[in-house]
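Here is a short report for a newcomer. Please look over the sequence and the model before reading on.

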Amino acid sequence: MTDSLLMSSGKPRIFSGMQPSGVLHIGNYLGALRNWAKIQYDFEPIFCVVDQHAITVYQDPKALRESIEQVAALYLAAGIDPDHSAVFVQSQVPGHVELGWIFTCVTPMGWLGRMTQFKAKSGNQETVGTGLFCYPALMAADILLYQAKIVPVGEDQAQHLELTRNIAERFNHLYGDTFVVPETRLPAVGARVMGLDDPTQKMSKSAEGANHAISMLEEPGRIKKLIGRAVTDSNPQVEWETAGPGVRNLLGIFQAFSEQSNAEMRAEFDGMRYGDLKKRVTEMVVESLSPIQAKYRELMNNRDHLRHILQRSAERITPIAEQTVQLAKERTGLFSG
Ligand code: TRP
């Protein structure tokens, strides 16, 4: 492993992260993780488990602690190579909160009030912590701390990414050129997997329904049951062109895992009965998750090794974070020694 990797490759730096607020599901895998693993060698990649974002809504401490390592292990099990990509936990690097605070101070409340994710998430909380409101300023800090150029996230994070650009521009305007303004371009992030119980909603970690998501750690028997109960429609068989949202979602899951062309999909599925479709999709999901789950178990059974990987990555990127924080402190006039 080359320690200087992150500073010297000359490739564009990318940053992305997921919240450890529950087990990752196949939507996270097909929509983001697998893509991160595929593109990692074309970039200088930093992949973070954003635990400080997770506590913007209450998390059971024990469950959170476990979930952090689970998510890190799933990043690695999905093929992210820690000898190339940095894989670490947000709390390991204090610069996130340091820069986050500075950004909180340059972010007008009006900008935060417009965030649709805040409106959606605050709606179902009894009390809303201030952190949930300020969360996009911390997300901006995650990205700008490393001067990342590209941020591979799904469409649902486009508004937060735009806000990150606005925060970078506002800081640069107030205090002088300091931050790289990341691109708005969202790199193709792969498939959009919908809920099995409601194929009009994107598969989500926080959705309530027991039949909503397939966890990346699901056992074959449960996968069979979940897919068996997935919403379809009243047609007798698959019609590729006109399939309703439920059937389209099952076909989409199969196609994403198998990476088949539309023509191959049509040839295989047109005219197939839904029972058989579900059987094929189940086999595909079980087969595809099995090696990932094996790798995951291996990592979770050797926590010292897992923690060592996280520690090593954190140490590798901390100098970048410290340099940015130092610069931001100097620019804003904070006491920086
Ligand atoms: N907001 C993202 C989500 O909810 C997670 C996240 C936090 C993130 N910081 C980030 C994603 C920085 C990309 C870059 O999914």
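The sections below cover the ligand, its surroundings and the salt bridges.

## The model and its pocket

This is a predicted model. Start with the ligand. The space that the ligand takes is the largest pocket. Two elements each give two or more residues to the shell around the ligand: β1 (13-18) and α8 (130-144). Of these, α8 makes the largest contribution to the shell, with four residues.

## Who surrounds the ligand

The ligand has 13 residues around it. Five of them come nearest: Gln 19, Tyr 135, Met 139, Asp 142 and Gln 157. Sorted by class, the shell has seven nonpolar residues, five polar ones and one charged one.

## Polar contacts and burial

Three side chains place polar atoms by nitrogen atoms of the ligand. For Tyr 135, a polar side-chain atom lies 2.3 Å from a ligand nitrogen. For Asp 142, an N or O atom of the side chain is 2.7 Å from a nitrogen atom of the ligand. For Gln 157, the corresponding distance from a side-chain N or O atom to a ligand nitrogen is 2.9 Å.

How much of the ligand does the protein bury? Taken alone, the ligand exposes 370 Å². The protein buries 91% of that area.

## Salt bridges

Now turn to the charged pairs. The structure holds 17 salt bridges. One of them joins Arg 303 and Glu 66. Their closest N and O atoms are 2.8 Å apart.

This pair links distant parts of the chain. Arg 303 belongs to helix α14 (residues 303-332). Glu 66 belongs to helix α4 (residues 61-77). The two residues are 237 residues apart.

Note on methods: Residues are numbered from 1 along each chain as its sequence is written. This is a predicted model: local features need pLDDT of at least 70, side-chain atom pairs count only at pLDDT 80 or more; totals for chains, interfaces and linings use all residues. Side-chain values use heavy atoms; hydrogens and water are left out. A residue is near a molecule or strand if one of its heavy atoms lies within 4 Å of it. A polar contact is a pair of N or O atoms within 3.5 Å; within protein, one must be able to donate a hydrogen and the other to accept it, and residues adjacent in sequence count only if both atoms are side-chain atoms. Accessible areas come from the Shrake-Rupley method with a 1.4 Å probe; for residues, only the protein chains shown count as cover. On a 1 Å grid over the protein atoms alone, a cavity is a set of points where a 1.4 Å probe fits but cannot get out, and a pocket is an open set with protein on both sides within 12 Å along at least five of seven lines; lining residues have an atom within 4 Å of a point. A molecule sits in a cavity or pocket if more than half of its atoms lie within 2 Å of its grid points. Ala, Val, Leu, Ile, Met, Phe, Trp, Tyr, Cys and Pro count as nonpolar, Asp, Glu, Lys and Arg as charged, and the others, Gly among them, as polar. A salt bridge is a side-chain nitrogen of Lys or Arg within 4 Å of a carboxyl oxygen of Asp or Glu.
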